[in-house]
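Colleague: I have the model open and would like to go through the chains with you. May I ask a few questions as we look?
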Amino acid sequence: MSSLVYALAETARPGVYGASRAEGPGLELLELRPATMLQLGAWPDTKGALEAILSDHLKLEVPVTPGQAAVSPEGTLMVMAPGRYLLVSDNGDITQSLLEKIAVETGVLTDLSHARAGIRISGRNAADVLLKGVVIDLDIRAFTVGSVAQSSFHHVGLTLHRKDETTFDLFVFRGFAVSFWEALTDAALEYGYEVMTPA
Amino acid sequence: MRIPCPICGERDVGEFTYGGDATVARPAMDETDPAVWNRFVYDRENPRGAHLEFWQHTGGCRAWIKLRRNVLTHQVGASELVGPWSKPSEKDAQTKRQEPVE
Amino acid sequence: MSGYRLENGGLIDRSKRLNFTFDGKRYGGFSGDTLASALLANGVSLFGRSFKYHRPRGVYSAGPEEPNALVTLRSGGRSEPNTKATVIELYEGLQASSQNRWPNLQYDLLSINQIGGSMLVAGFYYKTFMGPTRKAWMLYEHFIRKAAGLGAASKEADPDRHEKSNLFCDVLVVGAGPAGLAAALAAGRAGARVVLADENAQAGGALLSEQEETIDGLPAQDWVAQSLAELAALPDVSIMPRTTVYGYYDHNVLGAVERVADHLATPNAHQARQKHWTIRCASVVLATGAIERPIVFDGNDKPGVMLADSARRFAQRQGVAVGRQVVVFTNNDSAYRAALDLKDAGVEIAAIVDPRGDISSPLKDAVQKRGIRLLASHVVTGAKGSKSLKTVEIAPFDPENQTVGESREWIAADSLAVSGGWTPTIHLASQAGGKPVFNAEIASFVPGEALQNWHAAGACNGDFALEDCLSAGANAGAVAARDAGFASGTTDVFDVTVPAHAGSGSSLYPLWEITRPNGPKGKKFVDLQHDVTAEDVRLAQREGFESVEHLKRYTTLGMAADQGKTSNVNGLALMAAALERSIPEVGTTRFRPPYTPVALGALAGRETGFHISPVRRTPMHDLHVKAGADMLTAGQWMRPQVYRKSGEDVFDAYVREARTVREGVGMVDVSTLGKIDVQGPDAQEFLNRVYSNGFKSLPVGKARYGLMLREDGCLFDDGTTWCLGETQYLMTTTTANAAGVLSHLEFLLATVWPEMRVQVTSVTEQWAGVAVAGPKSRALLQSVIKDLDLSDEGVPFMGVYPATLEDIPVLVARLSFSGELAYEVYAGSNYGAALWEKLILAGEAFGLVPYGTEALGTLRIEKGHVAGPELDGRTTARDLGLGGMTSSKKHYIGRPLMEREALNEDNRQRLVGVISSNGTPLSAGSHLVEGKTAEQPGRSLGHVSSTTYSPAIDKFIALALLEGGLETNAERILYAADPLRGGHDPVEVVSPCFFDKDGSRMHV
């Protein structure tokens, strides 16, 4: 495993940066390093069947509408579009076990474990910083806990998952991760931010 | 300009890519008459008023949609998903501007 | 020297003194001053020189409508030209300087433009520099540009931050005057998310000038404070002071600029100077107020002439008297308030001049009580003075017949406060698309039909009475909230008291221009900022520029940085008079954003310099940088161009790298190649339809080179597609076309073949890729891959197999872009760095060199492989010698139109190779011509697309597209003409494959 180098390994250096606020940094940033990121796609007439497999295997209820996520100890399943899902999991074997259950007639799996960089952004100014780039209403009533959106920040496409009122998980294309990080942390300077050590 | 995505809801135009005139239908694969293909590739109406257009939500869910847009008033009407998932989706009810674009 | 600080009054903090400089001279002011009020308090009356005629100008207003008092604020990289002194909040250490004067403001040599002024009339440029005299423009441009103009932008980089952000709300209220506050309260109480934005530092609008009005029993300013406190306590209401909503775009998207730190000498650490907000909301309340109008008369631009309510505002808000002897000239009731308040503050009012004969008794009583001289049925016919106002010329006026009498009186005055009525600030409503409607009662335009979801309230809608503003505001706020889904309870009712002498909003006697029956005919300005006179408007009409759009462009009326805030309606009225039509018949132009100028920095935000646009890095990026590679951007990707050794230039490096590949082994980072996961039961059939060559027979474990056409039959993209399983393929695309190809495939699956069970997903970022090329590539790879036999039998040409490279799971594909024995090795991106390092380490024994994009290009050009410069959107497969890859046995995208006659003619430009005959390097983009000399090149027969030095044949070579291709040109000598960069060199036309024509080197 020593051969793995994550996208922000050289960039996201732990420490406190930016404006110094009496109440502490306005946000915390953490590089997420899930073992698995897997896209699953059903066919129009197998959506139910695929969801049944996912529900059973991941021990969660698949959200009915796109733009919602369900979380279980097995991972986070985000519904990206009708019949299209993104599974983020710390279980590195989950792709193989799902492959064994999902025949191509039911759906297809695309491994994206290396294709995205993950960043968790949390704190009282998390939404303020995101709004500098993301054109989505992040009010808690409009973008509720568990909501998922695909959009962009500083011309970099991203998937956004609201974990709680002040915590968001972001997934961006790996190649843009450093540029994205630079833009995100620049936007965070006025609030002050702390970079946490990845698990 | 804001465009309603049937999957993601209303988003800024910057997230979308224009994909051409949606009133044009592609000829069958085995069509051989060059005149038919010529019409399909090159002939476009440019009516003053309502257009039916293809857009792709490239900066979001990547869905291809059909959008009614009035090029005179800039009014945007409802959009619909194109493709295998084109049956009305759940978010449809939430998209705001549903008034017809005349 | 006329203005001064009053003993009492104003909203300034007299305990906080501030020092500042204007044109280098030191002055003092107070916290709460604007630059304009502080300069007036110091007796400064001359603020700048005018745009065209360099006439001395003072302060004309107290707000954002200011046409005259434009200054350059700050210095060095922070300097900002053309800022309005009337809206600059004073701060300690402020530096400002006047503009458009030389050598200085007092003695401006260019003011001789006034004398030759008749030359610079409307249309001067069009008349003087068009047609046969156009060349004169080249000669005079420099001098004219120097002489006419405003401030100059700094050439230094701006050291401050500007930021951009997005804001969402239910109801946006623009303007925090009485109507805006009432609207925000109504919408906020209904539970809507409300943003209340106002361009000023303090909310309250017109109420900030009111001492006598009460609302719900409270003095007006206490009501403002109470309302703000209530709004601040509502969790979903944000109050944004110093925020100008400048643009109203489609679908209720609005642009606003918050001046976060413009009132500070320098912003705090990490603080933006300005923040641009893009606001998206369900509904908008426009409570933008109204701007007072001038009256046009001779000398109406003299320093000392200003708008009446602005004179009042300076007294009420900053405790500044604009002069010691003030004449008030008004055609409506509102300016009486100015006269009375100034008088009560201790300023001498020399006279009130009013064209109306019949003045309401409360006003008359109030005037008489204070002993002010009232000249009813009189007008001001002229203002005199050089650098400041000295006398005002008065004449009797017959309002019935609209005639000016012949008798004259001269009143000494250092200030002339003028009111020609009020113009509703309809900019945003007009930008939103509604056609303004003329309201005869106020002789101005009000917002018309709302084409977007906005509601106008208060003075901007033509309602000037306080009670009307409040109730209309409350109503608009409630309706706006309802639009957003928040039902409100009862509509707010306000108990308002106003003094009897507040006058009536419907008291206007429309009066636009005063013309003396005899006497001098001096300049009468309509547009003060662009120096457009009443005579210019008439000249435009005489010359046929009758439509308002023509009038605007010909005279430039309303086209200055103030967008005609004080001049628009007067200009229309004068045009209407000249045409003998009514104002609504003449119509008005549509306002365009921005309402007030927006700094480019605010629009750019942080997208400048380092952050100008994001770049893509491959997983091996840091290793390339550490190895000293020259990194270049290709599209968004950062790629190594060459890995220079010490003493090498780029040429030396790429030649060494390419030669090493041919002789030993090299490797290149190909992670940037577009990669698309194509999966599903119908994947193979799908590929067969999108590629022009057959894909039906591709077995698992094999790759195939494919051509993709557009519907019009031209080439779109090329690349190899690998069959990883019966229903799973990995398609590679060119780096540049990756996004386009994916969208194309998605479009086909959505619109043409929705029944096909295929999914396509970009996996470009999933895979790190390394191409290992050269005769020793097999041996090198076999030294680190133990679970796969890499021999020609084990991994045949175009074979694709999974393997393990030391501990890294990889895919090995035997593909060659260089023409050598070569393999592409792919691993998950997070393994990319380790993959590269392990290969570098293992490669030492084999003399491995990493190579960059230059050598990559050299190797493919030597082999005649096409890439982006050849796939230029105009070429067909046949043009590039790939006609054999277009199947005649199946239907595929692009085939019908590819078979068009015109795309198959023999004289089309087709791919050839060219060799420099005289050893001169060739430039891409050069034309191929027959003429032997640069002077007589003859017509272009084609162009050079890709060039390199070829170490394999020791010549400068190129690929080119040439009429007739190789068939008609083989071995011909042509010339590569490069007139732009210089160069006209002989080339020999040869086959595009320069090296190893039978391909034996890669099949070993």
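Colleague: Which pattern does chain B follow along the sequence?
Modeller: In this predicted model, chain B reads β-β-β-α-β-β-β from one end of the sequence to the other. That corresponds to 1 helix and 6 strands.
Colleague: What percentage of the residues in chain B is buried?
Modeller: Of the 102 residues in chain B, 37% are buried. As for contacts in chain B between residues at least 6 apart in sequence, 56% join residues at least 24 apart.
Colleague: Turning to chain A, how is that chain divided?
Modeller: Chain A has domain 1, made of 25-33 + 115-195, and domain 2, covering 36-111. Taken over C-alpha atoms, the centres of these two domains of chain A are separated by 24 Å.
Colleague: How many residues of each are in contact?
Modeller: In chain A, 9 residues of domain 1 contact 8 residues of domain 2.
Colleague: Which elements give two or more residues to the domain 1 side?
Modeller: They are strand E9 (148-153) and strand E10 (156-164) of chain A. E9(A) gives the most, with 3 residues. By class, this side of domain 1 of chain A has 3 nonpolar, 5 polar and 1 charged residues.
Colleague: And chain C: where does UniProt place the feature "domain: SoxA A3"?
Modeller: The UniProt record, an unreviewed entry, places that feature at residues 521-606 of chain C. In the model, this span of chain C is 44% helix and 6% strand, and its end C-alpha atoms lie 53 Å apart.

Notes. Residues are numbered from 1 along each chain as its sequence is written. Chains are lettered from A and ligands numbered from 1 in the order in which they are written. This is a predicted model: local features need pLDDT of at least 70, side-chain atom pairs count only at pLDDT 80 or more; totals for chains, interfaces and linings use all residues. Domain bounds come from an automatic or database domain assignment. Two residues are in contact if their C-beta atoms, placed from the backbone, lie within 7 Å. Helices (H or I, at least four residues) and strands (E, at least two) are DSSP runs, numbered from the N terminus. Ala, Val, Leu, Ile, Met, Phe, Trp, Tyr, Cys and Pro count as nonpolar, Asp, Glu, Lys and Arg as charged, and the others, Gly among them, as polar. UniProt positions are given in the numbering used here, feature names are shortened, and annotations may be inferred rather than shown by experiment. A residue is buried if 20 or more other C-beta atoms lie within 10 Å of its own, exposed if 12 or fewer, and partly exposed in between; C-beta atoms are placed from the backbone.
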